[in-house]
Amino acid sequence: MTKSNFTRRGVMKTGAATGAGLALPTIFTGAAWADAHTGFTNAPQGDSVTLGFNVPQSGPYADEGADELRAFQLAVEHLNGEGDGGMLQTFSSKVLDGTGIMGKRVEYVSGDTQTKSDAARASARSMIEKDGAIMVSGGSSSGVAVAVQALCQEAGVIFMAGLTHANDTTGKDKKANGFRHFFNSYMSGAALAPILAAQYGNDRKAYHLTADYNWGYTTEQAVRESTEALGWETVNTVLTPLTQTDFSSYIAPVLQSDADILVLNHYGGNMVNSLTNAVQFGLRAREVNGKQFEIVVPLYSELMARGAGENIAGILGSQNWDWKLENQLGDRYSGTNAFVQSFGTKYGFPPSQAAHTCYVQTLLYADAVTRAGSFNPCAVVEALEGYEFDGLGNGPTLYRADDHQCFKDVVVVRGKENPENEFDLVEIVEVTPADQVTYAPDHPQFAGGSLGDCNPGA
């Protein structure tokens, strides 16, 4: 395994050069259009292949990014036959044998998205142009994912999205070269709403604070529409900047409203700070409309729970995956324990959902290449569309051909009241079956856009 070195541009070449650049009428030059080009962007020429891992190493989602990078490194080790093999042993597909991808050793470059779309595009472009990356993955912001997915479509490489939850990624901004394993806003709303109604009643008044970018918008919409369908009233929705660190000025007006539920459509450091401010303002100790005031966080992780500390106790939300799934719910979620064992042995603590999805995406890409017998992105697209698999921790999973969205069970969680340790802060409330969160490809929350055609880049 080769670790990347950082430069001011974000990445430095770690694999063999693929040739001199050609003067082409496109932004993609250099390694992406090599003299030895064989029909598609960055076709591997030597005995190795380079993957690009583009994660937030600074900004509000940096904790998630750090865990993503750990998982990417672990996936590379396993693909190259190092370590215990992890989920290569449990994956329903048996074509990966620890000899890299189609006999080529896997190398990687990494960069910092800074949780900013422009920075993420610049980093991904450098990976493709200068480093010869044939696949790009990562990101913990849907704004970043949409931007990098569009770039990869233009460049002719595969984008295996990391942590991106907005409907847009496989909705209006979907692309043929892009694939998402992580679940989405609609799925969170569909899984959470029945449990929120059962726990808190149908006669509730909700106040939404929402991160001002595409993930916030679609998550607010999904939760709002799903809860209103069960009888809740939305009394206000307020947008908050992604760069916000103190949410006091946004929490104070909640006290003046007649809301008895606060929904925090925030993620990462934003959620830690807004939840902390809400508790400091005494919201959880209030009674409004004769009801105990409650706070809901539609999407959160163990990493965020750790940052929020005791404030997370009792907070309901959803997750793509949880490291305790197989232990608590059995063989349906096989692969979970294998991954937790590998990750824990290497890093000393359990993996987050962000780590899990990035590890899985790396294996799914390698598997698709191997099954297709080609690194050509159009061959990879064909291998992934409509692909059904198991053994990667989520139970039976489908990569739907219509939109390149994975469909699988959704985990509803709650912060533990009395956690045993700092890594076990979340308890599984329920796992919602995939068929209950599946929607038609033309559902209104996913309206617009088109996959288009696969672009091999040549």
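In this predicted model, C378 is partly exposed, with a relative accessible area of 27%. C378 is one half of a disulfide whose other half is C454, with an S to S distance of 2.3 Å. Since a disulfide is counted when two cysteine sulfur atoms lie within 2.5 Å, the 2.3 Å between C378 and C454 meets the cut-off. The count for the model is 1 disulfide. The torsion about its S-S bond is -105°, and the link of C378 and C454 is left-handed. The pair ties distant parts of the chain together: C378 belongs to helix α12 (residues 377-384), while C454 sits in the segment after β17 (426-432), and 76 residues separate the two. C454, like its partner, falls in the partly exposed class, at 21% relative accessibility.

Other cysteines stand outside this link. C152 takes part in no disulfide, and the nearest cysteine sulfur to it, that of C454, is 12 Å away. C152 is buried, because its relative accessibility is 0%, and under 20% counts as buried. C358 is likewise without a partner in reach: the closest cysteine sulfur, in C406, is 13 Å from that of C358, which is too far for a bond. C358 is also buried, with a relative accessibility of 0%.

The table gives the relative accessibility of these four cysteines.

| Cysteine | Relative accessibility | Class |
|---|---|---|
| C378 | 27% | partly exposed |
| C454 | 21% | partly exposed |
| C152 | 0% | buried |
| C358 | 0% | buried |

The chain as a whole can be described next. The protein chain contains 12 helices and 17 strands. For its 458 residues, a compact globule would have a radius of gyration near 23 Å, and the 22 Å of the protein chain agrees with this. The C-alpha trace spans about 70 × 45 × 40 Å along its principal axes.

Burial and contacts add to this picture. Of the 458 residues, 61% are buried. Among contacts in the protein chain with a separation of 6 or more, 73% are between residues 24 or more positions apart. The C378 to C454 disulfide, at 76 residues apart, also joins distant parts of the chain.

At the surface, the accessible area of the protein chain is about 15,500 Å², and carbon and sulfur atoms contribute 47% of this. As for charge, there are 31 positive and 51 negative side chains, and the centres of the two sets are 4 Å apart.

Technical notes
Residues are numbered from 1 along each chain as its sequence is written. This is a predicted model: local features need pLDDT of at least 70, side-chain atom pairs count only at pLDDT 80 or more; totals for chains, interfaces and linings use all residues. Side-chain values use heavy atoms; hydrogens and water are left out. Helices (H or I, at least four residues) and strands (E, at least two) are DSSP runs, numbered from the N terminus. The radius of gyration is taken over C-alpha atoms; the globule rule is 2.2 Å times the number of residues to the power 0.38. Buried means under 20% relative accessible area, exposed over 50%, partly exposed in between (1.4 Å probe, protein chains only). Contact means heavy atoms within 4.5 Å. Accessible areas come from the Shrake-Rupley method with a 1.4 Å probe; for residues, only the protein chains shown count as cover. Lys and Arg count as positive and Asp and Glu as negative; His and the chain ends are not counted. The place of a charge is taken as NZ of Lys, CZ of Arg, CG of Asp or CD of Glu.
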